[in-house]
2 protein chains.
Amino acid sequence: MNIYDVSEKAGVSIATVSRVINGNNNVSEKTKQKVLAVMKEIGYTPNVFARGLGLNTMKTIGIMCTDSSDVYLANAVYYLERELRNNGYDAILCCTGNELSTKKDYLELLLSKRVDAVILVGSKFLETKPADNKYIIDAAAKLPIMLVNGYLDAPNIYGTLCDDENAVYEVTDALIKSGRKDIIYLYTSTSLSGQCKLAGFKKAHFVHNIPINNEYLHLCNKNIANARDYLTDLFERGRHFNAVVTSDDSLAVGALKFAHAHGMKVPEDLSIIGYNNTIISNCTDPELTSIDTKVEALCITTVNTLMGVFNGSNVPCKTNITADIIKRGTTLI
Amino acid sequence: MNIYDVSEKAGVSIATVSRVINGNNNVSEKTKQKVLAVMKEIGYTPNVFARGLGLNTMKTIGIMCTDSSDVYLANAVYYLERELRNNGYDAILCCTGNELSTKKDYLELLLSKRVDAVILVGSKFLETKPADNKYIIDAAAKLPIMLVNGYLDAPNIYGTLCDDENAVYEVTDALIKSGRKDIIYLYTSTSLSGQCKLAGFKKAHFVHNIPINNEYLHLCNKNIANARDYLTDLFERGRHFNAVVTSDDSLAVGALKFAHAHGMKVPEDLSIIGYNNTIISNCTDPELTSIDTKVEALCITTVNTLMGVFNGSNVPCKTNITADIIKRGTTLI
DNA sequence: TGAAGCTATGAAAGCGCTTACATCCTGCAG
DNA sequence: CTGCAGGATGTAAGCGCTTTCATAGCTTCA
């Protein structure tokens, strides 16, 4: 069943049917109603392939994220899909993992699928070595690239960023002011956002003129046991610390488990700060003080910006969002 | 840049180029290599729309889930996407919420996008009123419908099910045998899977000839506070209970919070059992005993079955997977 | 040496839609 | 009453690819 069936049954040409489908005004109301009635009657839906061929757009956006099963990223994917759909776009999901070559391959694949834009979720898409980001810049020559919590200074790439540096700075600053000077920083990634967080941590120490022991900075996987074990190791080697700042709620859980196992009271003996304010922060006891990176706002802004790009508005290539500190039971600040 | 550019540059006809693209054997090795070289040289990728028009398939599967931000469903989406991609298919994600009319609309939308099949994730897609499932059965007339943890007896609909009834039965039975006879059941849904779980709970009581107080069965949202508050209410009204079985880890967290607030020791005074074995079960203290519904296996089986459908194999329309009970700190069983 | 059977290739007809351009009305100003 | 503007509609040319069918060029075997 195709446009010809409709045109025949409605007694008009296919061009008129097409105009009705596309909401073109140059159709009399009467004809329009008749065509709509016929379409409904025979249950006609336009063939998207043929449509795509003509329009050269599928109204589809590729969402690339490293791992949609991650609690934080799953939320991002959820909000992105919702916003895109509200704007009449479909979302093709692509989980890439962290391997650079895989990310390249998947981006290539999305390009070949003629998506209208690609959204990269998570700063893991930005490599530490600038040259390694070339594949993104190249892709941007063909379609808009949106970075959710990332930024790359290149044409046709738009970033929406949460102010991670300041968030970690403030939280660390507050800890120091409250008298906690031996602070561990556990982090998950050396990506741009990871570097910002680390910078915020260092800045707070610098401002208060407190040196940082390198042992107190540790790169974990997003893994509860990793965090717990590292703290246990430090503790058993006699190191003193009274606060743990993390770059992910899961690491904060690890810290909590360490504290529990070693009879340290939280928050009295040990303050713990999570990141991303995921559901995990409501599940622990005490509940986690966590930094809310406003994932919903990030996603809404990203999609709005993209729609702006599509209709030729003058949109900023970088938008900042301010993180919130959600105070719960693992801190006294 | 299109197939004509390639054909011209390679000095062959577009038919030959098309054959090379599609791996047709009737091309001499020499010609094939020349064409491949040209494609690579000019960076040609076939236009998917034109391709779809000819082949009438986009190699794309629609994944509908009620809420991909839910920890459990996010995992399912992740595994489904991975498996589909391994089989050369893209995944279009669609989060529908629980509203029946919305679910209908979205299914319609996916059909109009000419996806090759639709996967419905989560038993929430099956309505209690059979007539309300008609929209799924109708859709199955056009393409295969896969239900992840659901089952509907109709042509072209394939279900992969976790044995929820038995899982809850076993866990309840074990609780009763260990001497816990006042068990609360907190659940999130009256869907098919929800009914199975409830049936398992009842069966265990029946087998042990223990009556069930209706107050002890409670329908919560997937909401920590709901679960906590309901238990608090029961407790304050003097009801006695020494175990809580739930249909979702989040409800178990609520139970844990209740216990903590009221000085009940877990698991000594109160046993708690979660469901779905999500990351949440690792975050609490003590960690949750939880029922692992094998989401990865469910998803792999679903996709394998679908591929079987595509290539005409004789696949079962119902596949069962056995749940595991993961014993952790909230029970003594 | 020639008929039969292959293989490799090309020509051309769609696939279902959009859209530029042509055409036909209708109404209204002159 | 004529002419023209502009709205409504139709015609037909693509969009880039797949695929059927025809054919040219080889091989093979009697």
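Which residues point one way from β5(B), and which point the other way? In this predicted model, Ile157(B), Gly159(B) and Leu161(B) point one way from the strand, while Tyr158(B), Thr160(B) and Cys162(B) point the other way, and all of them are buried. Strand β5 of chain B, which covers residues 157-162, is accordingly described as mostly covered, with six of its six residues buried.

**The neighbours of β5(B)**

Two other strands of chain B pair with β5(B), and each pairing can be followed through one pair of facing residues. Strand β4 of chain B, residues 145-148, is joined to β5(B) by four bridges, and the two strands run parallel. Within this pairing, Ile145(B) stands opposite Ile157(B), a residue that is itself buried. Strand β11 of chain B, residues 318-321, is likewise joined to β5(B) by four bridges, and these strands also run parallel. Here the residue Cys162(B) stands opposite Ile321(B) in β11(B).

**How the two protein chains meet**

Chain A can be superposed on chain B by a rotation of 180 degrees with 0.0 Å of shift along its axis, and the RMSD of this superposition is 0.1 Å. The two copies are therefore related as by a two-fold rotation axis. The same surface serves both copies, since 100% of the contact residues of chain A recur in chain B.

The contact itself involves 34 residues of chain A and 34 residues of chain B. On the side of chain A that touches chain B, two or more residues are given by each of α4, α5 (71-86), β2 (90-95), α11 (249-261) and α12 (280-283) of chain A. The largest share of this side comes from α5(A), which gives seven residues. When the residues on this side of chain A are sorted by class, 17 are nonpolar, ten are polar and seven are charged.

Strands also pair across the two chains, for β2(A) and strand β2 of chain B, residues 90-95, are joined in the antiparallel sense over three bridges. In this pairing the bridge partner of Ile92(A) is Ile92(B) in β2(B).

**The domains of chain A**

The domain assignment divides chain A into domain 1 (3-46), domain 2 (59-162 + 295-322) and domain 3 (164-293), so that domain 2 is written as two stretches of the chain. The centres of domain 2 and domain 3 of chain A, taken over C-alpha atoms, are separated by 29 Å. Where these two domains of chain A touch, the contact takes twelve residues from domain 2 and twelve residues from domain 3. By class, the side of domain 2 of chain A that touches domain 3 of chain A has six nonpolar, four polar and two charged residues.

**The surface near DNA strand C**

DNA strand C is surrounded by 26 residues, and the closest are Asn2(A), Ile3(A), Ser18(A), Ala50(A) and Gly54(A). Both protein chains take part in this surface, since at least two residues are supplied by each of α2 (14-21) and α4 (48-55) of chain A and by each of α2 (14-21) and α4 (48-55) of chain B. The residues of this surface fall into 13 nonpolar, eleven polar and two charged ones. Helix α4 of chain A appears in two settings, because it belongs to the elements that supply this surface near DNA strand C and is also listed among the elements on the side of chain A that touches chain B.

**Backbone details in the loops**

Four loop residues have a backbone feature that can be listed, either a cis peptide bond or a positive phi in a residue other than glycine.

| Residue | Feature | Place |
|---|---|---|
| Pro286(A) | cis peptide bond from Asp285(A), omega near -5 degrees | loop between α12 and β10 (289-292) of chain A |
| Pro267(B) | cis peptide bond from Val266(B), omega near 10 degrees | loop between α11 (249-261) and β9 (271-275) of chain B |
| Asn56(A) | positive phi, near 55 degrees | loop between α4 and β1 (60-65) of chain A |
| Asn149(A) | positive phi, about 60 degrees | loop between β4 (145-148) and β5 (157-162) of chain A |

Are the two asparagines of the table, Asn56(A) and Asn149(A), buried or exposed? Asn56(A) counts as exposed because it has 11 C-beta neighbours inside 10 Å, and a residue is called exposed at 12 or fewer. Asn149(A) counts as buried because it has 29 C-beta neighbours inside 10 Å, where 20 or more are required.

Technical notes. Residues numbered from 1 in each chain as written. Chains lettered and ligands numbered in written order. Predicted model: local features only at pLDDT ≥ 70, side-chain atom pairs only at ≥ 80, totals over all residues. Near = placed C-beta within 6 Å. Nonpolar A, V, L, I, M, F, W, Y, C, P; charged D, E, K, R; others polar. Contact = placed C-beta atoms within 7 Å. Least-squares fit on C-alpha atoms with pLDDT ≥ 70 in both. Pairing = 2+ DSSP bridges.
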